[in-house]
Amino acid sequence: MKVKKKTRFLFICLFVVCLALVGCQQDNESGSESQGKETSSANQVLKVSANDIATINTLGSYDVPSSIVMNNIFEGLYRLDENNEPTPGIAKSYEVSDDQLSYTFKLREGAEWSNGTPVTAHDFEYAWKRAHSSSTLSPFSYLMAPLKNSIAIQTKDHELFDKVDELGIKATDDYTLQVELENPSPYFLSLLTTPVFFPQNQEFVESQGENYALGTDHLIYNGPFTLEDWKQGASWTYKKNKDYWDAESVAIDSIEANVINDTATAVNMFESGELDAIGLSAEFVDQYSSTPEYKSSLDPTVYFIRMNQQNKYLANVNIRKALDLGWNKKDIESILNNGSLAAHFVVPKEFTKDESGKDFRAKYDGFNETNTQEATEYWNKGLKELGVKEIELELLSYDSDITKTVAQYVKNQLEKNLPGLTLNVNQQPSKQKLDLEAKQDYELSYSGWSPDYHDPISFLEIFHTNNPYNWMNFSNKEFDQLIDAAYKETDIAKRWGNLQEAERILIEENAAVSPMFQAGKTTLTKTNVKGIADHPYGGNKTYKWVKIN
């Protein structure tokens with residue numbers, strides 16, 4: 001999901017998430033088979049449109065598109081299955097102690113890297129320790145906090161800082177991996193499906209030096225597919241990995257991926273049979289909504305405007321509240337026309353429920369409902385406190401047609417409702433946009449987050465003072481304390497109470513972000529393509545089970 005190295009102290013007790021990260025991007029990846037005709041089982045080729053790849057290093061700063069790629073070319077101990085449940089990957093079985101603190105994984109002896117080297121428990125130990133080392137620290141190492149001593153090893157003033165050999169992982173032999181946790185984590189297996197927990201082969205990584213994962217010639221694979229012909233910003237090809245332990249379950253021979261940012265182009269290619277599945281933007285929904293290829297669903301991804309408090313204007317809470325209250329979010333639903341919901345929250349609806357079936361959103365439906373009169377009052381108060389009459393700000397945005405439309409709408413609304421505001425939109429390709437965010441080289445940013453795992457804290461922890469994805473200089477002691485308490489709390493009701501109060505402080509009291517919408521997803525898929533597994537969290541998409549009839 002891209003980030004400055006920051007001290008981690010997040011202490012996860014209950015894991016219930018990737019990438020990205022990051023912060024996290026909108027996914028335009030879709031499947032297709034040339035001409036839309038029946039394909040011989042001897043030559044099953046899928047053609048997909050995709051967003052560009054930020055990295056193919058599992059310890060790197062990856063976003064959703066990168067996570068999709070890594071989920072298909074690598075495999076961890078577990079992966080998400082077609083029903084979004086953890087299923088054995090490189091691990092064939094495990095045992096857990098009565099206190100839920102010790103896991104013993106037995107690995108498959110037939111699993112190999114694409115260069116013929118066996119995948120062993122040592123590869124996991126090496127990668128997980130490498131993710132903690134100060135010289136190779138992963139931006140996603142905070143997800144590894146359930147591991148014994150993980151937080152201490154990442155904390156600069158702790159006596160265990162950078163002592164990676166103290167991490168709770170040990171390969172007791174080539175195919176046995178012992179993992180120790182700080183506290184019980186009931187969703188630990190789901191956590192293992194995220195890329196930062198994937199293995200790396202020490203001999204190969206060190207032979208590549210600084211070139212590791214910078215291109216397909218500097219990588220080996222242990223997943224369903226290998227990666228070839230990667231042209232940054234343009235295209236790449238997945239090839240069936242003949243050395244994959246479960247290769248017989250992979251029906252397609254290759255996947256040709258092309259970066260396509262224009263929906264009209266994708267629609268034309270779908271109509272001509274060049275693509276099997278595409279995402280739709282608002283202007284095409286009505287045209288296709290009654291066709292058998294059409295599908296609509298609500299996604300757990302939430303988009304919001306980050307407000308960088310390093311900016312002297314945005315450091316003023318009244319200016320932030322004015323920006324959050326000063327535009328009509330409800331209109332986003334008709335602008336996108338894809339099932340998206342106006343959001344006054346960062347934890348999405350219909351994502352997590354407690355044991356009684358009550359949604360996380362039941363206590364607070366949202367915060368800071370649109371109120372232009374109240375926004376103007378906050379605005380004038382902020383201007384007075386700052387001693388200015390006008391403010392000029394820049395909104396950093398993605399370069400797709402959809403985000404351009406939304407960003408322009410926000411600009412028009414805020415300039416209309418907040419006299420003296422000039423809002424300029426700066427559209428950038430995904431990788432450049434993420435780089436600017438990570439460096440905090442922006443003022444306002446059209447941002448978003450897809451969950452790395454199935455728990456509301458996945459959305460809230462990124463605003464903790466020391467989280468590597470807190471890209472906006474937000475810091476609130478009470479918010480941090482509530483997040484820390486939620487990590488340690490095992491009582492679900494108390495834990496949710498902490499998280500619900502933390503979200504209220506984040507939005508209602510501080511207006512640290514301005515929520516925009518919870519994403520809807522509308523797609524067209526050729527009826528002869530089956531088995532594309534869309535995951536609501538983690539790897540996001542798996543092609544392992546795709547079949548073209």
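Here is a short look at one helix pair and two loop residues in a predicted model.

Some ground rules: residues are numbered from 1 along each chain as its sequence is written, and side-chain values use heavy atoms, with hydrogens and water left out. As the model is predicted, local features need pLDDT of at least 70 and side-chain atom pairs count only at pLDDT 80 or more, while totals for chains, interfaces and linings use all residues.

**The helix pair**

Two packed helices are described by the angle between their axes and the distance between the axes. Here, the axes of α8 (residues 317–325) and α10 come within 7 Å and cross at roughly 155°. That makes α8 roughly antiparallel to α10 (angles over 145 degrees count as such). Helices are DSSP runs (H or I, at least four residues), numbered from the N terminus. On the α8 side, the contact (heavy atoms within 4.5 Å) includes Ile319, Ala322 and Leu325, and on the α10 side, Tyr378, Trp379 and Leu383 are among the residues involved. By class, the contact of α8 with α10 has nine nonpolar, three polar and four charged residues; Ala, Val, Leu, Ile, Met, Phe, Trp, Tyr, Cys and Pro count as nonpolar, Asp, Glu, Lys and Arg as charged, and the others, Gly among them, as polar.

**Two loop residues**

Neither Glu350 nor Asn473 is a glycine, yet each has a positive phi.

| Residue | Phi | Loop between | Relative accessibility |
|---|---|---|---|
| Glu350 | about 55° | β13 (341–342) and α10 (372–386) | 64% |
| Asn473 | about 65° | α13 (457–460) and α14 (477–488) | 42% |

Glu350 counts as exposed (over 50% relative accessible area) because its value is 64%. Asn473, at 42%, is partly exposed (between 20% and 50%).

Key. Helices (H or I, at least four residues) and strands (E, at least two) are DSSP runs, numbered from the N terminus. Buried means under 20% relative accessible area, exposed over 50%, partly exposed in between (1.4 Å probe, protein chains only). Axes are lines fitted to C-alpha atoms, for helices over the stretch in contact, and angles run from 0 to 180 degrees between N-to-C directions. Angles under 35 degrees count as roughly parallel, over 145 as roughly antiparallel, 65 to 115 as roughly perpendicular and the rest as oblique.
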